[in-house]
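Colleague: I'd like to learn how to read a model like this one, feature by feature. Could you walk me through it?

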Amino acid sequence: MNFKTIEWRGDHIRILDQRRLPLQVRYLVCENASSVARAIKSMAIRGAPAIGVAAAMGIAIGAKKIRIDHPERFKQEMEKIFQQMAQTRPTAVNLFWAIERMKRVFEESSRDIKRAKVRLEEEALKIYKEDLEINRTIGEVGKRLIQDGSGILTHCNAGALATAGYGTALSLIYAAWEEGKKFHVYVDETRPMLQGARLTAWELSQAHIPLTVITDNMAGWLMKEGKIDLILVGADRIARNGDTANKIGTYSLAVLARYHRIPFYVIAPTSTIDWKLPRGETIPIEKRGGEEVTHIGSKRVAPEGVEVYNPAFDITPNQLIQAIVTEKGILYRPFQESLKRIQTS
Ligand code: MRU
């Protein structure tokens, strides 16, 4: 990859501003926890694993910048930072998973402020490195699902930009490409925020992988035309039975895939599994502002004053999922059992 989604720079965090891609490659310099929280909320950085990494780094930089030497007051400031991060985006469980890891490390070391700051930085960097390694492994594990000549459909962006690097769904594509397989990727534009057209198309072009951008409503017809052999999507939260929350539009693709008998794969690290949730129906779905729907970029396309509904994610029932690819292997139905096996492995 010739870009870094997020980078720890000691006294600040550098974040590739995804709101400006592909037209501008600009970086945000975040020097405190609030600016990282803002970057997550405004989707300058987005994608479940990347949100987790950013939150961890945001907590570590926040701790580093606190100028208090009284342990109890330091703890109160840290509580505020943990809360601020937790209020950024509700659906991706990687956010809460990363916050929990950081909290545990903090609780073990909070009596010694200097040590707590060091340990939080170490843990944030560990989360970053683990994500990179896990994504590489996911690519290796899953690349056999892609054949020479495959037509692949993707939705949203589950690539290097959505993670510390390589991506989840796109890591299979990168790994199969590196192996010399030839295939074609159809990229759903992914309204309303256009993560497909803007981000997936950008990063696949950087890697010189052949792609075609389509609008979301074309996907069914491409399936009918026989152009799609498999569908690869990421996940924001997977329940214990395999029900999966992902970018709005994923559910429709899964329904279409079943009708056309096309395998529909979810690809995610195990940090995206919410072990506390038996089923998907209680996954919190983020609702975002109406202007994302009434406008494309800064241009209004709907009349003033119309009512808008803008759920950012939907939930695909496990019955529509062919397999879930994780760093611990390719899991098949019943997911209740296959997921349970990897929880303890
Ligand atoms: O709203 P976003 O852009 O954060 O949504 C991203 C997705 O839905 C991705 O598919 C998901 O987070 C997986 S990223 C590896």
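Modeller: Happy to! Helices and strands here are DSSP runs, numbered from the N terminus, and Leu194, for instance, sits in the loop between strand 5 and helix 7. Keep in mind that this is a predicted model.

Colleague: Good to know. What is unusual about the phi of Leu194?

Modeller: The phi of Leu194 is positive, about 60 degrees, although Leu194 is not a glycine. With a relative accessibility of 15%, Leu194 counts as buried, because buried means under 20%.

Colleague: Which cis peptide bond should I look for in that loop?

Modeller: Look at Arg191 and Pro192, which are joined by a cis peptide bond with omega about 5 degrees. Pro192 belongs to the loop between strand 5 (184-188) and helix 7 (195-206). Another cis peptide bond links Leu21 and Pro22, with omega about 0 degrees. Pro22 is in the loop between strand 2 (13-16) and strand 3 (27-30).

Colleague: And what is the phi of Tyr166?

Modeller: Tyr166 has a positive phi of about 70 degrees, and it is not a glycine. Tyr166 is placed in the loop between strand 4 and helix 6. Its relative accessible area is 23%, so Tyr166 is partly exposed.

Colleague: Let's follow the chain into helix 6. How many of its residues are buried?

Modeller: Helix 6 covers residues 169-178, and 8 of its 10 residues are buried, so the helix is mostly covered. The buried ones are Ala169, Leu170, Ser171, Leu172, Ile173, Tyr174, Ala175 and Ala176. After helix 6 comes Gly180, with a positive phi near 100 degrees.

Colleague: Now to helix packing. How do I describe two packed helices?

Modeller: The general idea is to give the angle between the two axes and the distance between them. Take helix 1 (residues 33-41) and helix 3: their axes come within 9 Å and cross at roughly 10 degrees. That angle is why helix 1 counts as roughly parallel to helix 3, since the cut-off for that label is under 35 degrees.

Colleague: Which residues of helix 1 and helix 3 meet?

Modeller: From helix 1, Ala33, Ser34, Val36, Ala37 and Ile40 meet Ile81, Gln84 and Met85 of helix 3. By class, this contact has 6 nonpolar, 2 polar and no charged residues. When you look at a list like that, there is a handy rule to keep in mind. An α-helix has 3.6 residues a turn, so residues three or four places apart point the same way.

Colleague: How do the axes of helix 3 and helix 5 cross?

Modeller: The axes of helix 3 (residues 71-86) and helix 5 (residues 113-142) come within 11 Å, crossing at roughly 30 degrees. That makes helix 3 roughly parallel to helix 5. Pro71, Phe74 and Met78 of helix 3 make the contact with Ile113, Ala116, Lys117 and Leu120 of helix 5. By class, there are 6 nonpolar residues, no polar ones and 1 charged one in this contact.

Colleague: Is Leu145 buried or exposed?

Modeller: Leu145 has 12% relative accessibility, so it counts as buried. You will find Leu145 in the loop between helix 5 and strand 4 (151-154). To see what surrounds a residue, set aside its sequence neighbours: leaving out residues up to four places away in sequence, Leu145 touches Leu172, Leu230, Tyr265, Val325 and Ile330. Sequence separation is also worth checking. Leu145 and Tyr265 are 120 residues apart in sequence, and their C-alpha atoms are 9.3 Å apart in space.

Colleague: What does Glu31 touch?

Modeller: Again leaving out residues up to four places away in sequence, Glu31 touches Asp11, His12, Ile61 and Lys65. Glu31 is in the loop between strand 3 and helix 1, and at 47% relative accessibility it counts as partly exposed. The C-alpha atoms of Glu31 and Asp236 are separated by 27 Å, with their positions 205 residues apart along the chain.

Colleague: Finally, how is the chain divided into domains?

Modeller: The assignment gives domain 1 (6-136) and domain 2 (141-343). Their C-alpha centres lie 25 Å apart. In the contact between them, 28 residues of domain 1 touch 34 residues of domain 2. The area buried between the two domains is about 2,700 Å², and carbon and sulfur atoms give 56% of that.

Technical notes: Residues are numbered from 1 along each chain as its sequence is written. This is a predicted model: local features need pLDDT of at least 70, side-chain atom pairs count only at pLDDT 80 or more; totals for chains, interfaces and linings use all residues. Side-chain values use heavy atoms; hydrogens and water are left out. Buried means under 20% relative accessible area, exposed over 50%, partly exposed in between (1.4 Å probe, protein chains only). Helices (H or I, at least four residues) and strands (E, at least two) are DSSP runs, numbered from the N terminus. Axes are lines fitted to C-alpha atoms, for helices over the stretch in contact, and angles run from 0 to 180 degrees between N-to-C directions. Angles under 35 degrees count as roughly parallel, over 145 as roughly antiparallel, 65 to 115 as roughly perpendicular and the rest as oblique. Contact means heavy atoms within 4.5 Å. Ala, Val, Leu, Ile, Met, Phe, Trp, Tyr, Cys and Pro count as nonpolar, Asp, Glu, Lys and Arg as charged, and the others, Gly among them, as polar. Domain bounds come from an automatic or database domain assignment. Buried area is the accessible area (1.4 Å probe) that two parts lose on being put together, summed over both.
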